[in-house]
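These notebook entries record what I looked up in one structure. I begin with the terms and the overall fold, then turn to one local site.

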Amino acid sequence: MPLRLPISWLFALPALAVLTATAQVNTPPVAPTPTTTKALAAIPTAATTFSYRSVFDGYQPFTDQKVLPWKETNATVEKIGGWRAYAKEAAEPAAVDPRAPAASTNPAANPHAGHGKQ
C-alpha cells in the first residue's frame, strides 16, 4: 500500500525550503565611524610603511657531513667515555639560560600548574 501524504505537505515543503534559505543569509557588521579627532588620528593612512622580512632570509640548505670510518668513530666514543658519558650528560640538570624568564612562584602566573596531581 503506497504512503499517502496529506495535501498540506505540498505547501509545507517549499515554505520550509524558503525558510532555510533565508535563515542562512548573514549581513556583515558595519564598523562604526569615528567621531572625535583623536579617533580619526589613530586611523592608519596610506603613508604607513610596513617592513617585510622573509622567513627564508637566513635559510641554509642541508649539507651532508663528512662520514668518518666506523673504527675511528668507535675510538672517539671510547675515548670520551662510551655510553656512560652520554648517560651522565643526560642526567645532569640543564644549564640555566640567562635570557630565559625566571620561574614564578605566583600560582596565578601559571594557570596550568597542578594539573594531573590528584
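Entry 1, terms. I take helices as DSSP runs of H or I with at least four residues, numbered from the N terminus. With that numbering, I place Ser54 in the loop between α2 and α3.

Entry 2, the model. I note that the model is predicted. I looked up the mean pLDDT of the chain and found 76, with 63% of the residues reaching 70 or more. By element, I find the lowest confidence in α2, at a mean of 69, and the highest in α3, at 91. I keep a general caution in mind: coordinates predicted with low pLDDT should not be read in detail.

Entry 3, the chain. I counted four helices and zero strands. Along the sequence I read the pattern α-α-α-α. I then looked up burial and found that 2% of the 118 residues in the chain are buried. For the accessible surface of the chain I record about 12500 Å², with 63% of this area belonging to carbon and sulfur atoms.

Entry 4, the aromatic pair. How many aromatic pairs does the structure hold? I found one. Phe56 and Tyr59 form this pair, and I record 6.4 Å from centre to centre and 85 degrees between the planes. Since planes over 60 degrees apart count as edge-to-face, I enter the pair of Phe56 and Tyr59 as edge-to-face.

Entry 5, surroundings of the pair. I located Tyr59 in the loop between α2 (37–41) and α3 (70–80). Is Tyr59 buried or exposed? I list Tyr59 as exposed because its relative accessibility is 57%, and the cut-off for exposed is over 50%. Phe56 is exposed as well. I also find both aromatic residues in a nonpolar surface patch with Val55, and the patch of Val55, Phe56 and Tyr59 has about 430 Å² of accessible area together.

Entry 6, Ser54. I returned to Ser54, in the loop between α2 and α3, and looked up its accessibility. I enter Ser54 as buried because its relative accessible area is 18%, and buried means under 20%. A polar atom of the Ser54 side chain lies 3.1 Å from the backbone nitrogen of Phe56. I therefore log this pair of atoms against the polar contact cut-off, within 3.5 Å. My last note sets the two residues side by side: Ser54 is buried, whereas Phe56 is exposed.

Note on methods
Residues are numbered from 1 along each chain as its sequence is written. This is a predicted model: local features need pLDDT of at least 70, side-chain atom pairs count only at pLDDT 80 or more; totals for chains, interfaces and linings use all residues. Side-chain values use heavy atoms; hydrogens and water are left out. Rings of Phe, Tyr and Trp (its six-membered ring) pair if their centres lie within 6.5 Å; planes under 30 degrees apart count as stacked, over 60 as edge-to-face and the rest as tilted. Buried means under 20% relative accessible area, exposed over 50%, partly exposed in between (1.4 Å probe, protein chains only). Patches are made of residues with over 30% relative accessible area and no salt bridge: like charges are joined within 9 Å, nonpolar side chains (Val, Leu, Ile, Met, Phe, Trp, Tyr) within 5 Å. Accessible areas come from the Shrake-Rupley method with a 1.4 Å probe; for residues, only the protein chains shown count as cover. A salt bridge is a side-chain nitrogen of Lys or Arg within 4 Å of a carboxyl oxygen of Asp or Glu. Helices (H or I, at least four residues) and strands (E, at least two) are DSSP runs, numbered from the N terminus. pLDDT is the predictor's confidence in each residue, from 0 to 100. A polar contact is a pair of N or O atoms within 3.5 Å; within protein, one must be able to donate a hydrogen and the other to accept it, and residues adjacent in sequence count only if both atoms are side-chain atoms.
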